[in-house]
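Q: Could you take me through the features of this model one at a time, giving the general idea before each case?

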Amino acid sequence: MDIQLTPNDVAFRDEVRAFLKEKLSDRFKRAVVGGYIDKDTIVQWQKILYEKGWIAPSWPTQYGGTGWSITQKFIFENECAEAGAPTLVPFGLKMVGPVIYTFGNEEQKARFLPDILQSNVWWCQGYSEPGAGSDLAALQTRAERDGDDYIVNGQKIWTTYAQHSDWIFCLVRTDGNAKKQEGISFLLIDMNTPGIEVRKIDSIDNQHSLNEVFFDNVKVPVANRIGEENKGWTYAKYLLTHERTAIAGVPQSKRAIERLKQIAAQEISAGKPLIEDEMFCAKLARIEVDLMALEYTELRAIASVADGGAPGPESSILKIRGTEIQQAVAELSVEACGYYAHALGQGVGNDYAAPISTKYLYGRAATIYGGSNEVQKNIIAKMVLGL
Amino acid sequence: MNFNYSEEQTLLKDSVSRFIQNDYDYETRKKHCAMDGGFDAATWQTFAELGWLCVPFSEEDGGIGGGAVETMIMMEEFGKGLVVEPYVSTVLIAGGLLAKVGNAEQKSEILAGIIDGSRKLALAAVEPQSRFDLFDVQTTATSSAEGYQLNGAKAMVLHGGSADTFIVSARAAGDSRDREGVSLFLVPADSDGIERQDFPTLDGHRAAELTLSNVKVPAAALLGMDGAAVPALESIADEAAVALAAEAVGMMEKLYRETVEYSQNRKQFGVPISAFQALQHRMVDMFTMHEECKSLLLRAVMSHKAGDADFSKNVSALKYAVAVKGQKVAHEAIQIFGGMGMTDEMSVGMYLKRINVINTLFGNGDYHLKRFISLSV
Ligand SMILES: Cc1cc2nc3c(=O)[nH]c(=O)nc-3n(C[C@H](O)[C@H](O)[C@H](O)COP(=O)(O)OP(=O)(O)OC[C@H]3O[C@@H](n4cnc5c(N)ncnc54)[C@H](O)[C@@H]3O)c2cc1C
């Protein structure tokens with residue numbers, strides 16, 4: 001057992017650090033701290049990574065990946081997050097891209113992958129429906145064959161960034177008579193096609209990320225189907241299990257804790273800085289202990305993959321504990337900001353309070369999306385504990 | 001021993017609860033938030049006509065002599081409806097302070113206006129640095145031949161934007177954290193030298209930041225004893241804390257009931273999600289947390305009624321429990337609603353925001369846990 005990085009990995013880490021020092025300008029960092037990042041800023045950052053060749057470390061090298069070891073990928077993600085780089089928008093790079101290069105045909109790969117790597121095209125994920133959340137396979141959006149096209153009718157919901165997107169990847173029902181997982185196909189749909197309507201969902205964080213997407217007789221070429229008809233569920237499940245690194249959000253939580261400490265040093269409570277308050281420190285310490293455990297749990301998972309093995313049972317708890325810790329940090333941050341965490345006035349109180357609140361409110365969703373924590377626990381009970 | 005409401009109390013509860021049910025749904029509330037001042041002036045007049053604005057005042061002050069029980073009854077119902085009208089700030093806090101320490105003239109001039117709905121007052125006691133210590137006052141009051149001159153900044157003045165008069169705490173003597181030397185003043189909102197910034201808070205209510213630069217008030221503006229305002233402020237803070245906790249308890253009840261109902265109607269995997277034991281147990285916990293907070297609320301209210309020495313300790317127990325359990329219940333509600341819980345279409349998120357604001361008013365969980373410890377030794 002040895003926790004030291006190899007000299008090669010140290011050299012790699014330093015290379016990443018030097019790159020971030022040069023390219024990650026304050027403008028990007030400020031945008032991250034400020035909470036809600038606009039599309040242009042993210043695209044600019046993603047293009048910088050693309051130019052360096054580092055935009056898609058997990059992709060196979062032939063499609064534009066870096067060929068890094070899992071340890072290097074881990075180091076890269078960690079360094080980016082610790083330096084305060086914007087989080088990449090996952091829908092193209094981490095979700096549909098891998099499905100296309102794994103299950104798509106050559107024409108689809110040539111057509112879609114370069115634009116994903118270069119962040120020229122924005123994707124959104126059209127899986128969930130009003131009646132199909134945790135039970136995704138219950139989805140009802142229909143695609144009926146009409147010559148070389150499908151005619152799509154139905155509704156998607158919670159579609160993050162649909163308002164910005166050029167394309168949507170969708171699960172649709174192509175066989176209403178089969179078992180529910182077996183009649184689903186995976187379609188790529190141009191958001192400019194007539195018959196698509198995007199409606200904003202007002203959310204509790206007062207930002208616009210969520211939408212409903214309606215399909216009214218939308219014509220989609222059969223050529224936009226990934227893989228075989230009625231096999232979409234298999235591809236989607238692959239996608240759900242594909243991107244497993246960095247789901248714990250350890251470096252993000254570390255940064256959030258550092259931020260919280262800075263805030264607590266500025267906030268005054270009972271006539272002294274809040275950071276000197278014992279009760280506050282005890283709460284903070286409890287979260288830090290949880291995060292230390294999580295960090296090592298993640299390292300154990302990474303190490304077993306690096307050894308050529310599969311991630312062990314310990315990896316199943318990363319998402320659950322990661323999101324719970326993110327929420328705990330956010331709660332304590334709101335508490336630290338006192339009254340002003342809840343003020344919406346321009347220039348009222350300290351400028352750090354408003355993004356803290358937004359993050360806290362949006363962060364309630366972390367235990368809901370990406371497989372809710374209850375569903376994750378059901379899976380662990382079954383798959384890990386054999387219950 | 002008896003925890004039953006009297007006939008009058010039952011009538012009061014029914015009347016408020018009927019109003020919320022029939023006239024104050026979530027959409028109506030949203031409209032009120034968007035109105036001038038952040039509430040509906042017509043609804044405020046209705047409150048006056050229904051006799052709700054006079055409830056806590058003594059008969060000689062023009063009220064009906066209601067006590068902590070009546071306030072609790074109303075606040076729980078207001079909580080369920082997420083009422084945004086300035087009942088706590090004008091009636092309970094400003095009116096309560098006036099009734100406590102005002103002289104006959106001040107009371108007769110103002111209380112009647114509060115009761116008939118024509119006047120709104122707001123307490124300006126918090127300062128940017130004071131957090132929960134109401135004695136931590138840096139705003140100064142210098143006396144002169146004509147009266148007093150006030151200078152300083154006040155923070156989070158609840159419904160300060162719509163108030164015609166502020167009750168301002170200012171330091172006449174001593175250092176910023178001395179318990180002695182703080183006085184209260186009645187200050188017309190349109191006085192020269194007052195700047196106010198009115199802003200919404202996340203829960204849809206309003207607050208204001210004030211700066212006072214050489215604001216002149218006459219000697220008659222002094223409210224209560226010169227330099228001895230802290231005990232009165234702390235006593236009204238305890239009463240306000242109980243009222244706000246009652247509002248939160250009303251919300252907790254609503255949250256667990258709505259979650260139960262939602263889970264029975266929401267189907268996934270071919271069954272209502274209420275069929276999953278993982279969720280059933282959590283809803284049982286939500287219900288339990290509500291009952292515990294309700295018990296602590298009754299405990300605080302009863303001890304107020306009896307004038308127990310334990311009142312403050314009971315308030316701290318209550319406010320601490322509501323801070324922790326109230327937020328927990330709201331978080332659980334959102335989780336069990338799933339994506340729907342994240343939308344503004346549902347009210348669960350708004351309950352969370354209101355509970356979080358209540359947690360910062362008159363002492364958060366840590367503040368009250370510490371006070372509980374110090375009152376226990
Ligand atoms: C902020 C946000 C962004 C999102 N972005 C996207 C997106 O871009 N694209 C997209 O397709 N979807 C997106 N989603 C949707 C997300 O994947 C769903 O919200 C999620 O699958 C849960 O579904 P639901 O909201 O319908 O909740 P439901 O499935 O109705 O669940 C409600 C509650 O029941 C619990 N529950 C359900 N089944 C069980 C069970 N068997 N045992 C125990 N408990 C159970 C859940 O854990 C939850 O607490 C997003 C959601 C949010 C909140």
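**A buried glutamine, a shared site and charged pairs**

A: Gln108(A) lies in helix 6 (residues 106–117) of chain A, where helices (H or I, at least four residues) and strands (E, at least two) are DSSP runs numbered from the N terminus. The model is a predicted one, in which local features need pLDDT of at least 70 and side-chain atom pairs count only at pLDDT 80 or more, while totals for chains, interfaces and linings use all residues. Residues are numbered from 1 along each chain as its sequence is written, chains are lettered from A and ligands numbered from 1 in the order in which they are written, and side-chain values use heavy atoms, with hydrogens and water left out.

Q: Is Gln108(A) buried or exposed, and with which residues is Gln108(A) in contact?

A: Buried means under 20% relative accessible area, exposed over 50%, and partly exposed in between (1.4 Å probe, protein chains only). Gln108(A), with a relative accessible area of 4%, is buried. Contact means heavy atoms within 4.5 Å; leaving aside neighbours within four places in sequence, Gln108(A) is in contact with residues including Ile100(A), Leu113(A) and Arg225(A).

Q: Which residues come nearest to the ligand?

A: A residue is near a molecule if one of its heavy atoms lies within 4 Å of it. Of the 28 residues around the ligand, Ser134(A), Ser372(A), Glu374(A), Arg266(B) and Gln335(B) come nearest. Residues from chains A and B surround the ligand, so the site is shared between chains.

Q: Which polar contacts does the ligand have with Gln125(A) and Ser128(A)?

A: A polar contact is a pair of N or O atoms within 3.5 Å; within protein, one must be able to donate a hydrogen and the other to accept it, and residues adjacent in sequence count only if both atoms are side-chain atoms. For Gln125(A), a backbone N or O atom lies 2.8 Å from a nitrogen atom of the ligand, whereas for Ser128(A) an N or O atom in the side chain is 2.8 Å from a nitrogen atom of the ligand.

Q: How many salt bridges are there over all chains?

A: Side chains of opposite charge can pair when their charged atoms come close. A salt bridge is a side-chain nitrogen of Lys or Arg within 4 Å of a carboxyl oxygen of Asp or Glu, and by this rule the count comes to 44 over all chains. One of them joins Lys283(A) and Glu335(A) (2.8 Å, N to O). This pair links distant parts of the chain, with Lys283(A) in helix 9 (residues 278–306) of chain A and Glu335(A) in helix 10 (residues 318–336) of chain A, 52 residues apart.
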